[in-house]
Structures are given as structure tokens and as C-alpha cells.
Amino acid sequence: MQYRATTMGVNGMVTTPHYLASQAALKVLHNGGNAVEATIAAASVLAVVYPHMNSIGGDNFWLIYNAKTKEVKALNSSGRAGEKATIDFYKQQGFDKIPARGALSANTVPGAVAGWGEVHLYAEKEMGNGLTWQELLEPAIGYARDGYPVTESQHYWTTVNLEEDAEFRGLHRFDEFARIFLHNGKVPKVGAIFKQPDLADTLVYIAENGAKSFYEGEIAEKIVKDLERLGGILTIDDFKAHKSDWVEPLSVDYHGYKAYNLPPNTQGFASLSILNILNHLNLQEIEEGSPEYYHILVEAVKLAFMDRDQYLTDPEFVEIPLDDLLSPEHGKELANQLKQNLQARKLQPLDAKGDTVWFGVVDREGNAVSCIQSIYHEFGSAIIPRGTGVILQNRGSFFSLDENHVNCLAPRKRTFHTLNPAMLLKNGRPVLVYGTMGGEGQPQTQAMLVTRIIDYGMNVQEAIEAPRFLYGRTWGASSNTLKLEGRIPPMVQSKLQDWGHDIEVLPDFTDTMGHAGAIWIDHETNVKFGGADPRGDGAAIGY
């Protein structure tokens, strides 16, 4: 059963996890803008209307297909740790791990705005811009200044984060968070108009002065000054030193297609490793939705994550043997391991899910963008420097304070990043633009989307809606479980338990599984098929 119709359009297609962002992106396409410009409009609106999931105080990563040059470009716009961010500093403060919330969790520079600026310059040079920088940010400024209706998602996650939990929750203990995100001390109701005047002023400043002004002007000064007051460690020099990097995208073959993703410091190579393993299996001999289907995907995830956890960090600090890890030979070796063992493997506890937005755009010229933006936990660090409206991310809390750990903290280092936007090409042209939110769940959901669309012939909406699993732990849990949506039949659940999986059954549709999206491009008819996740507040819109 399909709950939503697949969206179709010939000229362009947009999918985002919030309908207002989808509308803003589509308006850009209607007004002659290209896919990159439309994605900037969506990214900036999402940073306003989905504040629990992302912010201009977070990071982003981009995959861009340029229809003119027939190349896939990748941008890493994640921030590096500050110059004062050392293991010794945190240990001298009495910490054995970096705090999950508060000023000391905001130890990496936000890269998102720099990402918008960098891809805007690229589009201007390579695609011919149709709209100005100010025009692209105008919808976001309007929603920040004039307000937007609170979604069920924002209401729910604000409520959850008022729970008394000194490590992860209780965000009302932070003054600016309470002032902005609570109305008279209470969570705004679904449908209440939510305004962010400080954020509107910040976005106006960026619109008038360019992306660099976020890092070199009065906004950076306000952020650093208030962080200092709260005991934080980012400096003006940290902001001035930020640089987004164009990087070589990674790719692997998958059943006649080529899958693309981002290199480290993202977990993109883990997403590709799963496909590299599955490429050596004939899934068409296995029924979709059967116990064997879920078992094989879960075990492929575990094998890929074992490689990931051994190597993933900033490649400027550690050499990562990507050619070996993504070689057909290694994929075949891991596939053989999978086939020889029907019992579930155990894996070290995975990180609780990160909160993120993925969104994709395809324009009438065939340019395509897969983009992802995040602040890590819901509401990030929960620190909003006074007068800025900017929620700072807590991505740097994922660094280890063990100097022997591959992802140990060091100044100017990028941390292990869960964010990874994806794209599938056939004969050198994109056919599937896809991605999801959800931390450790991103590679898992990506594998389900690809197998269901490529191997089982589902349309994008059908594949997004199909029951999903998530292997990992939840807040505060000490071990991983295999979480299954309740629509997965009891017979399948029982068989997976027999094979050693520790099953946890969740509601039929749950955003624990993340908010996925996808666009399929039929190059014979030029029709774009868009899908959006009913687990979120998004919409796929085409024209």
C-alpha cells in the first residue's frame, strides 16, 4: 500500500523535509534559477523553519551534477575544531568525554553559510546564475521575521528536550533557548506562529554582505563574545580560518549503476561499502521484505561499519586506505563473510541518532543537487549567542578524548561526520538523487532505498514508505538493538530473532527511521519522480 502519490514533473523536481522549503526551492526554479540556487533557497529556509534539525550554526555537504560538464562535484563544508580545542583542556576541566550540550560542546566552527556561499559562486561561474544572493535568502528572512506555523515535529522535539536529563536534555536551562523556543515557559502549540527576529537580522546581514560576513564581521564577534561569557573556546581566528573544500567524490559500481558519495571526514564511504558488498549478491533471488532481505542488509551494514569505525576521521590527520576499502575485491570478501554466517554479528554501541535535513533538486537542464545540513543533536549545543538567533551545533562533541582513538580531538581537526548525501548515475547521468537524516541510520536507509528502487523496481515514494529498520542504540542505552517498524510481519521478526538479532519493535511509522527523500529521473521521457517521507513534514513538488 502506498500512502502518498509519487510527485511527477518534466521541468524540475524538489524534495525537502519541510513543505515551505520545497515551495521556496520550486519558486527559484520557476523564476529561472538553477538546481544549485534552488537548493540554497531550500537550505536557508530549512535553517529557519526546522530549527530542531538544522541551523546556520551547523554544517553541510553537497553533491552537484553539472549537466553542462557532465561531472559530479562534491563540497565539504563542515567546520573544524577551534585552536583551543585540545584533549588536555577538557581533561583539566574534569571531563572524560566532551559534554553533549552547552558552550563546550560548541567547539567546531559552523560551516553551513560558507557552503551556501561556495556553491553560489560555483553556480555563477559554471551554470549562469538566474537569481541574486539576496533573492535566494529572501524567503528564509521572511519566515524568520514574520513567522511560520510550528510543525508537529518541532513541537514534539522541543517537548522531549525539556525532559530532566542533565547530559542530553533539559535545554530550558539555557537562557536564550528558553527565551526563543518557549512561549511564556511553554512549548508553542502546533500551528502557533513562531518568529525569530534575531535570526532574521542575522540573515539580512548575510544577504547584504555575503557569506564571508558570517565569519569575518559582527556576527562572528557576537558569537565569540557570548561563547566567552559562557565558558566556550571558539575564537575570531577560528571563524576567519574556516574554509570549505571541494573534494573528489567517491564512487562504487552497483548492479550496472555508479553510486556517488562524499569522502571522509563523512561516513559516505560506509554507505558505499554497503552497496559494494551487496553488489556481489543477487538480491533478485531474495524476496524483498523477507527475513533474508533484512538480515543481509543489516549484516552488510555491520561489516561496513566495522571498517568505518576503524578508520573514519579527518583524512588530513590520518591516512585512510579508501582504494582498498572500496575495492571490488574487498566488497566480494565481505560478501562471502556474510554468506558464510547466518547468525547476527555484534557491533560496538553505535551513536544515538543525529538530527539533520536532506534535500534534493533537479532542474530542467538536468543539473542535480543532493545536499545535507545538520546541527547534530536536536537543537545542537542549545547555545544561541545573544543577538544572533544562531543555534550552534554540537558536532564536535563526537570527538574522543582518548588520544589513541582514530577520531581523537585536535585543534583545526574535522570530526567523524555522519552526514552523507548520495546520488546514483547510469551512463554518466544522474538517475537517482537520494538521502536521509538520522546519524548512523543514513547508510542503512540509503541501502534500503537503493535496493528497493534498483533491485525490486519500486517507485521512489513506495521505497521511502516501505517498512524500515535501524540497527543501533537509543539515548542512554548501553547496547544496540535491531529496531523494526511495526508493519514488518511477526513471522519476519521471529525469524530474525532466531538468527540472533535483538529485536525492538517500534510504531508502524516512526521518525526514529529518519526523514528520507528521493528523485528518480527517467531520461527517455524527461519525467522526474519525487518522493517525500510521511515520517516527516516534507513535500516533493515538481512542475
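What covers the buried residues of helix 10? The cover includes helix 8 (197–209), helix 9 (213–216) and helix 11 (236–240). Keep in mind as you look that this is a predicted model.

**A closer look at helix 10**

Which residues of helix 10 are buried? They are Ile219, Ala220, Ile223, Val224, Asp226 and Leu227. You can also check the length of this helix yourself. Helix 10 covers residues 218–229, and its 12 residues, at 1.5 Å a residue, should span 16 Å; the C-alpha atoms at its ends are 17 Å apart, which agrees. After helix 10 comes Gly231, with a positive phi near 90°.

**The whole protein**

Now step back to the full chain. Its secondary structure comes to 18 helices and 19 strands. With a radius of gyration of 22 Å, close to the 24 Å that the globule rule gives for 543 residues, the protein is as compact as a globular protein of that length. Along the principal axes, the C-alpha atoms fill a box of roughly 60 × 55 × 45 Å.

Of the 543 residues, 64% are buried. Now take the contacts between residues at least 6 apart in sequence: 73% of them join residues at least 24 apart.

How about the outside? The protein has an accessible surface of about 19300 Å², and carbon and sulfur atoms account for 48% of that surface. As for charge, there are 48 positive and 67 negative side chains, and the centres of these two sets lie 2 Å apart.

**Spots in the loops to look for**

Two residues have a positive phi although neither is a glycine: Lys70 and Asn526. The table sets them side by side.

| Residue | Phi | Loop between | Relative accessible area |
|---|---|---|---|
| Lys70 | about 60° | strand 3 (59–66) and strand 4 (71–77) | 53%, exposed |
| Asn526 | about 70° | strand 17 (516–522) and strand 18 (527–532) | 33%, partly exposed |

Why is Lys70 called exposed? Its relative accessible area is 53%, and exposed means over 50%. Asn526, at 33%, is partly exposed.

One more loop deserves a visit. Where does Asn265 lie? You will find Asn265 in the loop between strand 9 (257–261) and helix 12 (268–278). The peptide bond leading from Pro264 to Asn265 is cis, with omega near 20°.

Note on methods: Residues are numbered from 1 along each chain as its sequence is written. This is a predicted model: local features need pLDDT of at least 70, side-chain atom pairs count only at pLDDT 80 or more; totals for chains, interfaces and linings use all residues. Side-chain values use heavy atoms; hydrogens and water are left out. Helices (H or I, at least four residues) and strands (E, at least two) are DSSP runs, numbered from the N terminus. The radius of gyration is taken over C-alpha atoms; the globule rule is 2.2 Å times the number of residues to the power 0.38. Buried means under 20% relative accessible area, exposed over 50%, partly exposed in between (1.4 Å probe, protein chains only). Contact means heavy atoms within 4.5 Å. Accessible areas come from the Shrake-Rupley method with a 1.4 Å probe; for residues, only the protein chains shown count as cover. Lys and Arg count as positive and Asp and Glu as negative; His and the chain ends are not counted. The place of a charge is taken as NZ of Lys, CZ of Arg, CG of Asp or CD of Glu. The expected span of a helix is 1.5 Å times one less than its number of residues.
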